[in-house]
Amino acid sequence: MLRKFIKILILLSLLATIVGVGSVAGVFYYYAQDLPQITSLKDYHPYTVTEVFAGDGELIGRFGIEKRKIAPIEEIPDLLKKAFIASEDSRFYEHQGLDFMGIARAMVKNIKAGRIVQGGSTITQQVTKSLLLTPERKFKRKIKEAILAYRIEKYLSKDEILFIYLNQIYLGHGMYGVEMASQRYFGKKTRDLNLAEMTTIAGMPKAPSRLSPIKNPKRSAARQRYVLGQMLERGFINREQLKEALLTKVVLVSKADPSAKTPYYTEHVRRYLEKKYGYDKLYKEGLQVYTGVDVAWQQAARRGIDQGLRDLAKRRGFRGPSRRLSDKIEQDEFVAALALERQQLVDSGVTVGRYSEALVVAVDDVKKMVTLDLGALKATLSLKDMSWAKRPQADGTRHPRARIKKPSAALSNGDVVLVKIKNVSGEVVPEIRLSLEEYPEAEAALLALEPQSGLVKAMVGGKNFQASEFNRAIQSRRSPGSAFKPIIYAAGLDSGLTPASIFLDSPIVYKDRGDDWSSAWKPRNYEQKFYGPTTVRQALIHSRNLVTIKILRQVGIRKVINYVKQMGFTSTLNADLTLALGSSGVSLIELTAGYGVFANQGRLVKPVFVKRVEDRHGEILEEREGVALGGLELSSLLPPDSKPVISAQTAYLMTSMLADVVKRGTGRRAARALKRPLAGKTGTTNDYFDAWFMGYAPQLVTGVWVGFDELKPLGRHETGARTACPIWIDFMRVALADMSPENFTVPDGIEFANIDEKTGLLAVPESEKTVFECFKEGTAPTELSRPVSSEELEESLFNTNH
């Protein structure tokens, strides 16, 4: 009887096993019918981030849907691989895609919870889930995952699976893959990580946000200790390594947008790349982009613009406090917030040169002193350091000599104002002296390029990229005023004029058809004077409007417009005599490239930002010929679009005259400051709407524009020399610091002669004022000057000019 029972029991067990196996096989067969193909994993091609680099290799921008950099498996440290294996799948090298012990452990917990609370997923299953399936937590998805994991193990090697996993895994803060995470958290490549850093990253996949070393350092540290323990248990490290890792302080790098130093430049490059290569290539294909920007120069440009606009704001007058807090509770809240902000800064924010808001707490007209609160820290402001704070006039400007005579004329208790820390003394209780400042309203732009290569080395398109991404160096079209005159003069030189040609600086009137003179145009010089017989050189040095108009009229408007376009300008130009005074809107980049023609001996080189672009595999997609990746010109090559647009002789004559503008004319401030060979020209438009300074040394051309986005005056006497030139000087002082002074090259085909400046003819002993002038070969005067009265000369010139 017992034997019969045992036989029946064996048969039933066998039948149950067959049914069970058959059921499982049936389930697996059912779900295996509609699974994704795994062959695509052989060509693992995830989204990667495009990186943009400065001329010295510094990262200045990243663009991508997923922030990921691919790390080849052979470049990933062995200990980092083992850290992930110990943390995520300790039996990785033993199973065939499924860890049944792990699955059983997870199933018990899930059954107890009545829902899926834990997975027993292997690294292979995680790869499956990430690349081939949806992340939903359902049993049918787990079955599909198991089938695919088994297939993947048969199709790929363990190293291939680990390569995909370590580059695919999400590791918090938008970072994918170990290489990107390593750079984000520690500022290092994976190959440079220490064990403490490796185990910090390896502990994150379970819950990237909850275990982030940035958001939750304590949880991250606990998880790191767990990973280290697992590595010790598996024999991946010894106790000495464990001890050393636990004693190693994990130092995180601060999060910084790589484009923060070069925002306008980087954004321009991004637009260029998207236009040329398309959205997918830019944001998904991990381009490597090398640019010409010099980060140090870019920073100098930003500082120069910031200081220049702050100085302008003070010259325009004090617009009053940013706000007034009359309520004591409001004042206390403001001071507390200011103190909290200050305590988070280096030196508690007490750094000379730092700008800050402050609360006025006392105004003493007798002592001519104001006391302010910088955030639980008292400071003083003397009348001397706020005397400029006269309120603007109706036109929004202040008279240059207007000053206040007592502090209460500008400030009252409860005022919140902008100040700068001017001086700090005392050790225990710091004594802080302030200067009153004003928030800039105007905008500015700067662009600098190498004339020989066309490389744009610095570009700032406005005072604050966060407030306005509009790039005033490229997208804006503004009247250049007198900064446009050199183009007119160059056209004159190519139409038979010389620097010694004489024009009569005299009144002229132009009217439309008919006899109505009421609307006639009566141009004048800036000084509201007429200077009589004037050489072309003197006219440019002193920016004479009337002579420039006469040169344009003599050469011909249409001919000059064609000449301007030949020099690379694409903006629409006014086809009338106001063209001589820079009435047509042009961009800063156009004008800077135009001056580059003079600096480059007559050759036009299209401005270029991107030197080289590589795809994710290192294949070159584009490369600027004639430019080395270090930013230096290759002497054996010229950029492919470099072409002569004016003669080298014309370019030199213009440079010679523009050098005199800097030495003796409206650009004298630059010559005094930099003390090296320079050439340049100021520009100021009607009613002081725009201020320009365009200038160059042999190695670098830089242009600066200052103005308001909406057309309104910068202020009385805010000329290019006063407003734009100081910004240019501040930038060029840094940019030229490591360059030896060079003289401008004199090309073949130039001759020199001693000229009588009054007549433009060869000087004689009786000549009152002579100049050693340069000419194109064969164009120097051959006639000797003779004594002539001013009246005779003016009459002769009047007949000639008219």
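Buried here means under 20% relative accessible area, exposed means over 50%, and partly exposed lies in between, computed with a 1.4 Å probe on protein chains only. This is a predicted model, in which local features need pLDDT of at least 70 and side-chain atom pairs count only at pLDDT 80 or more, while totals for chains, interfaces and linings use all residues. Residues are numbered from 1 along each chain as its sequence is written, and side-chain values use heavy atoms, with hydrogens and water left out.

**Stop 1: Lys158**

Select Lys158, which lies in helix α6 (residues 158–168). Helices (H or I, at least four residues) and strands (E, at least two) are DSSP runs numbered from the N terminus. Lys158 counts as buried because its relative accessibility is 16%. Show its contacts next (heavy atoms within 4.5 Å). Apart from neighbours within four places in sequence, Lys158 is in contact with Phe92, Tyr93, His95 and Glu153. Its side chain reaches the backbone oxygen of His95 at 3.1 Å. That is a polar contact, a pair of N or O atoms within 3.5 Å; within protein, one must be able to donate a hydrogen and the other to accept it, and residues adjacent in sequence count only if both atoms are side-chain atoms.

**Stop 2: two loops**

Go to Val366, in the loop between β7 (355–364) and β8 (369–373). Val366 is exposed, with a relative accessible area of 76%. Add Lys406: it is 40 residues away from Val366 along the chain, and their C-alpha atoms are separated by 8.4 Å.

Then select Glu438, in the loop between β11 (431–436) and β12. Is Glu438 buried or exposed? Glu438 is buried, at a relative accessible area of 3%. Not counting residues up to four places away in sequence, Glu438 touches residues including Arg310, Phe318, Trp388 and Leu418. A polar atom of the Glu438 side chain lies 2.7 Å from the backbone nitrogen of Arg319. Leu309 is 129 residues from Glu438 in sequence, and the two are 9.6 Å apart, C-alpha to C-alpha.

**Stop 3: the sheet**

Select β12 (residues 443–449) and β13, which run antiparallel and are joined by 4 bridges. Two strands pair if DSSP finds at least two bridges between them. Ala448 has Ala458 of β13 as its bridge partner. The hairpin of β12 and β13 has 6 residues between the strands, and there Gly454 takes a positive phi near 85°. In β13 (residues 456–460), 5 of 5 residues are buried.

Widen the selection to the open sheet of 5 strands, ordered β13-β12-β22-β21-β20 with antiparallel pairing. β13 and β20 (679–684) are the edge strands, each pairing on one side only. The twist averages 5° from one strand to the next. At the β20 edge, 6 bridges join β20 to β21 (residues 690–697), and Ala679 stands opposite Tyr696 in β21.

Now add helix α19 (residues 588–599), which lies across β12, β20, β21 and β22 (700–707) and runs at about 30° to β21. Axes are lines fitted to C-alpha atoms, for helices over the stretch in contact, and angles run from 0 to 180 degrees between N-to-C directions.

**Stop 4: a helix pair**

Select helix α15 (residues 485–493) and helix α17 (residues 545–555), whose axes come within 9 Å and cross at roughly 45°. That makes α15 oblique to α17, since angles under 35 degrees count as roughly parallel, over 145 as roughly antiparallel, 65 to 115 as roughly perpendicular and the rest as oblique. Residues making the contact include Ile488 and Tyr489 of α15 and Ile551 and Leu552 of α17.
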